[in-house]
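Work through the following exercises with the sequence and the structure side by side. Each task is followed by a solution that goes step by step.

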Amino acid sequence: MNRFLAIIMCILCVTILCACSDNNQSDVDAPTSISENTAHTAQGDSTQIVGTWVCNEVSDDCYFIFDENGDAFAKWGTSTVYGYYDYDEEEGLYDIDIPNFLYNEYKAHFGGDIMTLKSDESSFTFEKAQMPQVIIKAPDNLSIDEEIIGDWQSEDNFECYKFNSDGTATITDMYNYATIDCKFSCNDGVVTMYYMASDTKDGSREVAYSFENDKLILNNYTYEKVTTE
C-alpha cells in the first residue's frame, strides 16, 4: 500500500515536468468505490460532510469527496486514493481515513460552504467545490498492441495494470486502494501511459515491455494475465 502510494507521488512529480501532445482527449468520470472491501457506512448524522471539498493547506490540486455511504476519496487529475469515514454521534467526531492525506479523528465545524476539521495534532479548512472535468491529453493516433490487452498482475510488484482495447488503461495496487487512469500507446517495445496530475497538468510514463511464455515483462517485473476482454 505505502509502496504504491509512493509510486503514485513519484509519477505525479514527474508529470509536472513532462509535456504531452494535447490532440486527442477522453473524459474521466468522478470516482466510485471499486471494491466491496473498501465500502463503509457512516454512522449518525454525517450528512454535512457529504460533497466535494478543496483544502489549499493540503494541496491546491486535490479534491476530497465524501459520499453518503461513508466512502471518501482524494482525487487529483486521474489519480484516486480510496478511503472511508465514520461519524460518532455521541462524541461528535468524524473518523476519517484517506491514506497519506487525512487519517485521524476530527471535530468538524460547518459554516456556509466552509468546513473546518480539527484533531489534536492539526486543523484544516475546506471549501465546497465543483469537481472539474478531467481530460487526458494524448496523441491522436494511439498504437495498440493486441497482445498487451488484458488485466495483468505480478507476485513481485504491487502495481497492477489493465490495458483495454480502446486505448485506456488503469494502474492500481493489488488491493484496489489507489488507481491512476491513463491512455496508452505501444511503439517499438515501449508502452507510453498518458495521465493527468490535475485538471490542467498532464504527463506520461514510458515503460519497456516484452512477452515471454504468455507472460508480460513490464518494468523488469513478470506479470500474468488474470482476465481478458
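## Exercise 1: A salt bridge between two strands

R205 is buried, since its relative accessible area is 17%, where buried means under 20% relative accessible area, exposed means over 50%, and partly exposed lies in between (1.4 Å probe, protein chains only). The model is a predicted one, in which local features need pLDDT of at least 70 and side-chain atom pairs count only at pLDDT 80 or more, whereas totals for chains, interfaces and linings use all residues. Residues are numbered from 1 along each chain as its sequence is written, and side-chain values use heavy atoms, with hydrogens and water left out.

Task: find out which residue forms a salt bridge with R205, and where the two residues lie.

Solution. Begin with the term: a salt bridge is a side-chain nitrogen of Lys or Arg within 4 Å of a carboxyl oxygen of Asp or Glu. The partner of R205 is E159, and the closest N and O atoms of the two are 2.9 Å apart. This pair links distant parts of the chain, because R205 belongs to strand β16 and E159 to strand β12 (residues 159-163), 46 residues apart; helices (H or I, at least four residues) and strands (E, at least two) are DSSP runs, numbered from the N terminus. As a last step, look at the cover of the partner: E159 counts as buried, with a relative accessibility of 2%.

## Exercise 2: The other salt bridges

Task: state how many salt bridges the structure holds, and describe the one between D61 and K201.

Solution. The structure holds three salt bridges. In one of them, the side chains of D61 and K201 meet with an N to O distance of 3.2 Å. D61 lies in strand β3 (residues 59-66) and K201 in the loop between β15 and β16 (202-212), so this pair ties together parts that are 140 residues apart in sequence. D61 is partly exposed at 26% relative accessible area, and K201 is partly exposed at 33%. A further salt bridge joins K215 to E224, whose closest N and O atoms are 3.3 Å apart; here K215 is partly exposed, with a relative accessible area of 31%, and E224 is partly exposed as well, with 44%.

## Exercise 3: The whole protein

Task: describe the secondary structure of the protein and say what share of its residues is buried.

Solution. The secondary structure consists of one helix and 18 strands. Of the 229 residues in the protein, 45% are buried. For contacts, meaning heavy atoms within 4.5 Å, consider those with a separation of 6 or more: residues 24 or more positions apart account for 54% of them.

## Exercise 4: Two residues and their contacts

Task: for T52 and then for D145, give the place in the chain and the residues in contact.

Solution. T52 is found in strand β2 (residues 51-55) and counts as buried at 15% relative accessibility. Not counting residues up to four places away in sequence, T52 touches Y63, F64, I65, E127, K128, A129 and M131. D145, by contrast, lies in the loop between β10 (134-138) and β11 (150-153), and its relative accessibility of 22% makes D145 partly exposed. Leaving aside neighbours within four places in sequence, D145 is in contact with C186, Y209 and F211. The C-alpha atoms of D145 and F163, which are 18 residues apart along the chain, are separated by 9.8 Å.

## Exercise 5: Positive phi values in loops

Task: compare the phi values of N100 and D188 with the general rule, and say where each residue is found.

Solution. Start from the rule that most residues other than glycine have a negative phi. N100 has a positive phi, near 70°, and is found in the loop between β6 and β7 (102-111); at 41% relative accessibility, N100 counts as partly exposed. D188 also has a positive phi, near 50°, and its place is in the loop between β14 (178-187) and β15 (190-196). With 82% relative accessibility, D188 counts as exposed.
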